[in-house]
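Colleague: I would like a close look at a single residue in this model, followed by a careful account of its surroundings along the chain. Please explain each term as it comes up.

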Amino acid sequence: MKNKNMKLSVEYLIPKYQDNLYQAAFSVLQNPADAQDAVQTTMIRYHYLNQEFEDEEHIRKWLFKTVINASKDIRRSFWRRNKVSLEETMASIEFERIQDQFLFQEVCSLPEKYRIVIQLFYYEEFTIQEISQLLSITQSNVKKRLSRARDKLRNVLEQEDEHVN
């Protein structure tokens, strides 16, 4: 049985997790400023949270679940009217290879329910079970969303490959 007696400092968590939390938030919001707000909100909630965790992995899962929920709250917000377009955001990100930029654009163009599972599975390396818990959906639903997202990406990439060749 694990002890519930761990609470890491925000000063430790921010440098370790802020980039990954930002990417998860961005996959929901597709807006840099809103994604930063979601991360900041998550860190503030953690700081004031009167709860201890089993271990650092438990904290990590709590952070991701909270940032995803904060992102969804921001997306529903009345104030989210004057957002930066995805095209403007893409212009501000530097990629090492043009293929990376193309793949990122295609992932961003997926519907949110597919984008977020791709982000959590491939970039954050959460398991299907963990994604299921984070998103409060069944494991079979996670698998189905991953499969459909892969199919959509595969189709687009094959079409692009045909245009190049």
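Is S136 buried or exposed, and what is its relative accessible area?

Modeller: S136 is exposed, because its relative accessible area is 61% and the class of exposed residues begins over 50%, with buried meaning under 20% and partly exposed lying in between (1.4 Å probe, protein chains only). This is a predicted model, in which local features need pLDDT of at least 70 and side-chain atom pairs count only at pLDDT 80 or more, while totals for chains, interfaces and linings use all residues. Residues are numbered from 1 along each chain as its sequence is written, and side-chain values use heavy atoms, with hydrogens and water left out.

S136 sits in the loop between α7 and α8, where helices are DSSP runs of H or I with at least four residues, strands are runs of E with at least two, and the numbering starts from the N terminus. The backbone there deserves attention, since phi of S136 is near 55°, a positive value in a residue other than glycine. E125 can be described in much this way: its phi is positive, about 60°, although E125 is not a glycine. E125 belongs to the loop between α6 and α7, and with a relative accessible area of 65% it is exposed.

These two loops can be placed in the fold as a whole. The protein chain has 8 helices and 0 strands, and its pattern, read along the sequence, is α-α-α-α-α-α-α-α. Of the 165 residues in the protein chain, 37% are buried.

On one side of S136 in the sequence is helix α7, which spans residues 128-135 and contains E130. E130 is buried, at a relative accessible area of 14%, whereas S136 is exposed. The side chain of E130 forms a salt bridge with that of K61, at 3.3 Å from N to O; the pair joins distant parts of the chain, 69 residues apart, with K61 in helix α3 and E130 in helix α7. A salt bridge here is a side-chain nitrogen of Lys or Arg within 4 Å of a carboxyl oxygen of Asp or Glu. K61, unlike its buried partner E130, is partly exposed, with a relative accessible area of 25%.

On the other side of S136 is helix α8, which covers residues 139-164 and holds S147. S147 is partly exposed, with 33% of relative accessible area. The C-alpha atom of S147 is separated by 9.7 Å from that of I118, a residue 29 positions away along the chain.

Moving back along the sequence to helix α6, Y123 is one of its residues, and Y123 is partly exposed with a relative accessible area of 43%. Together with L103, Y122 and L157, Y123 makes a nonpolar surface patch of about 360 Å². Patch residues have over 30% relative accessible area and no salt bridge, with nonpolar side chains (Val, Leu, Ile, Met, Phe, Trp, Tyr) joined within 5 Å and like charges within 9 Å; the areas come from the Shrake-Rupley method with a 1.4 Å probe, and for residues only the protein chains shown count as cover.

Salt bridges also join other helices, and the structure holds 6 of them. The side chains of E112 and R75 make one such contact, at 1.9 Å from N to O. E112 is in helix α6 and R75 in helix α3, so this contact ties together parts that are 37 residues apart in sequence. E112 counts as buried at 18% relative accessibility, whereas R75 counts as partly exposed at 31%.

A further salt bridge brings together the side chains of E56 and K16, at 2.8 Å from N to O. E56 lies in helix α3, which runs over residues 56-76, and K16 lies in helix α1, so the pair ties together parts that are 40 residues apart in sequence. K16 counts as partly exposed, because its relative accessibility is 40%.

To come back to your residue, S136 is exposed at 61% relative accessible area, lies in the loop between α7 and α8, and has a positive phi near 55°.
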